[in-house]
Amino acid sequence: MSYAFFPGCSMAGTAHDYQKSALAVSKALGLELPEIPGWICCGSTSAHQTDQLLALALPAKSLSAAAGQTVAVGCAACYHRLKAANWEIAQSAEVRQTVAAVVGRDYDGQTEVLHLLEIMARDIGLHKIAAAVKKPLTGLKLVTYYGCLLARPSDVNRFDDPENPTLMDQVLAAAGASVLAWPHKTECCGAGYSITDVAIVQRLTREILAMAKAAGADCIATACPLCQMNLDLRQADTERASGERFGLPVFYFTQLLGLAFGLSRKELGLKSLVVSPHKLLADHGIAI
Amino acid sequence: MTVTLSGPEIAGDFAAAVEQESHANLMACLQCKKCTSGCPVAALADLKPHEMVRKVQFGQRDVLSSKMLWQCTSCLTCATRCPQKVSVAALNDGLRRMSVAAQTPSKSAAPTFNRIFMKAVRKRGRMHEALLMAAFKLRTLRLFDDMGKLPMMLGKGKLPLWSAAAPGRRERERLFARAAQMKETKP
């Protein structure tokens, strides 16, 4: 099985551990992810806030380079921007024509885009994931955090239920984890303001971390570089600002899957996590 | 908060211009406040999402200087839940673009960040986060925010000092130039 991989800027940078673990887990599942040659930034929040046309043309340029293939994405923000471009281009001949004039090449909006969670849960299948498990995550109590842009807007993304997505729950339950119910799966972490307005980020992440703690979680599983960074890298600041103690490791779901598959800490980039997961993993006999 | 509506203009020129820029379907709003109920930043806002919509319907241009434009996190909860298929998120994007085009003063650093970000996309094709942070800090003189995290991020390999740019810079420059040209010739 092979999909054209769109890493996006974060997975090629701050979230290199997400990329590393995603590729290691994919390999273990027989999934090949060759990069789209010459892919460029999706434009993210900055593009749709400043220039509607570039917000469509940038994704269209990368997607047209993968025409006829299915594109795999790990970042929720890239995922949504690629899907939004497909949606706009496919439903309006006028938009398609304008975007083609800007990109310099016609693109029909038909290159299928899937998130790694969709590929693993649906295309590879839960039975295959369960069969690859060597060290089940038994006893590990976690909550799954999807953030905004995987599940929303549901008509454009067609990812899962927008209020209660369960793809990550299913994948991690297949790896033996205890996935807890909680109400903040799709609350916003304020990712777009991670650099420009940290006060908003702290306010929102505080709510998420406090709810995860109240739900009885030992850790949080994420599927987006920006969600992970806000909950992990800024957790100590959030604790200082609110006077609470969370101490919640924030994994990429691919790191947890990799641990269940018996991959090493190094292969999964666990060293890059800011809130140390080592005690938690040792307590559950999961670490290698 | 109470919104005071003044003037007789309903769905006039301003509302039409905003609708054309945002495609937010804003005249369909029933003021049910479902958007505001689910908005993660409504508690901070000078104008709540349903109030933004109402003010635009009534042609009140001061929405362009609302702090809400740069507090909205684009989480799309409002757009997903609206029973009338109004998108306050799209409305905010449209208002942001109009606000920047009209050079409306703003205390937010987000417009500056967006400019730096888009310039980096044009030049490098891919974002190099360390360079982006450095450029933003120099431009806004917020030199010390998050500086304490620098050694830790470097140590954890989270901030590679070098990263490859995407090939095809000249083609990208042309793409950006064509987009800018098209924006100018738009009716």
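Which residue in strand 6 of chain A is the bridge partner of Val143(A)? The bridge partner is Ile220(A). Here are some notes on that pairing and its surroundings; please keep in mind that this is a predicted model.

1. The sheet in chain A. Val143(A) and Ile220(A) are bridge partners where strand 4 (residues 141-145) of chain A runs parallel to strand 6 of chain A, the two being joined by four bridges. They belong to an open sheet of four strands in chain A, ordered 5-4-6-7, with parallel pairing. At its edges you will find strand 5 (178-179) and strand 7 (250-252) of chain A, each of which has a pairing partner on one side only.

2. The other neighbour of strand 6. Strand 6 (residues 219-222) of chain A also pairs with strand 7 of chain A, again in the parallel sense, and here there are three bridges. If you would like a place to look, Thr222(A) stands opposite Tyr252(A) of strand 7 of chain A.

3. Burial of strand 6. In a regular strand, side chains alternate between the two faces of the sheet. On strand 6 of chain A, Cys219(A) and Ala221(A) are on one side, while Ile220(A) and Thr222(A) are on the other. All four are buried, and both faces of the strand are covered. Helix 13 (residues 253-260) of chain A lies across strands 6 and 7 of chain A, and runs at about 75 degrees to strand 7 of chain A.

4. Two domains in chain A. The assignment splits chain A into domain 1 (4-115) and domain 2 (126-283), with 23 Å between their C-alpha centres. Their contact draws 24 residues from domain 1 of chain A and 27 residues from domain 2 of chain A. On the domain 1 side, the elements that give two or more residues are helix 1 (8-11), helix 2 (16-28) and helix 5 (76-91) of chain A. Helix 2 of chain A has the largest share, nine residues. By class, this side of domain 1 of chain A has 14 nonpolar, seven polar and three charged residues.

5. Two domains in chain B. Chain B is likewise assigned a domain 1 (13-101) and a domain 2 (110-185). The C-alpha centres of domain 1 of chain B and domain 2 of chain B are 28 Å apart.

6. Where the chains meet. The contact between the chains takes 44 residues from chain B and 45 residues from chain A. On the chain B side, the elements that give two or more residues are helix 4 (77-81), helix 5 (88-101), helix 6, helix 7 and helix 9 (169-185) of chain B. Helix 6 of chain B gives the most, with six residues. The chain B side divides into 22 nonpolar, twelve polar and ten charged residues.

7. One residue worth a visit. Arg126(B) sits in the loop between helix 6 (110-124) and helix 7 (129-140) of chain B. Leaving aside residues up to four places away in sequence, Arg126(B) touches Cys9(A), Ala12(A), Ile40(A) and Cys41(A) in chain A, together with Ala165(B) and Ala166(B) in chain B. Arg126(B) and Ala166(B) are 40 residues apart in sequence, yet their C-alpha atoms are 5.9 Å apart in space. Why does Arg126(B) count as partly exposed? Because Arg126(B) has 18 C-beta neighbours inside 10 Å, and a residue is buried at 20 or more and exposed at 12 or fewer.

Key: Residues are numbered from 1 along each chain as its sequence is written. Chains are lettered from A and ligands numbered from 1 in the order in which they are written. This is a predicted model: local features need pLDDT of at least 70, side-chain atom pairs count only at pLDDT 80 or more; totals for chains, interfaces and linings use all residues. Two strands pair if DSSP finds at least two bridges between them. Two residues are in contact if their C-beta atoms, placed from the backbone, lie within 7 Å. Axes are lines fitted to C-alpha atoms, for helices over the stretch in contact, and angles run from 0 to 180 degrees between N-to-C directions. Domain bounds come from an automatic or database domain assignment. Ala, Val, Leu, Ile, Met, Phe, Trp, Tyr, Cys and Pro count as nonpolar, Asp, Glu, Lys and Arg as charged, and the others, Gly among them, as polar.
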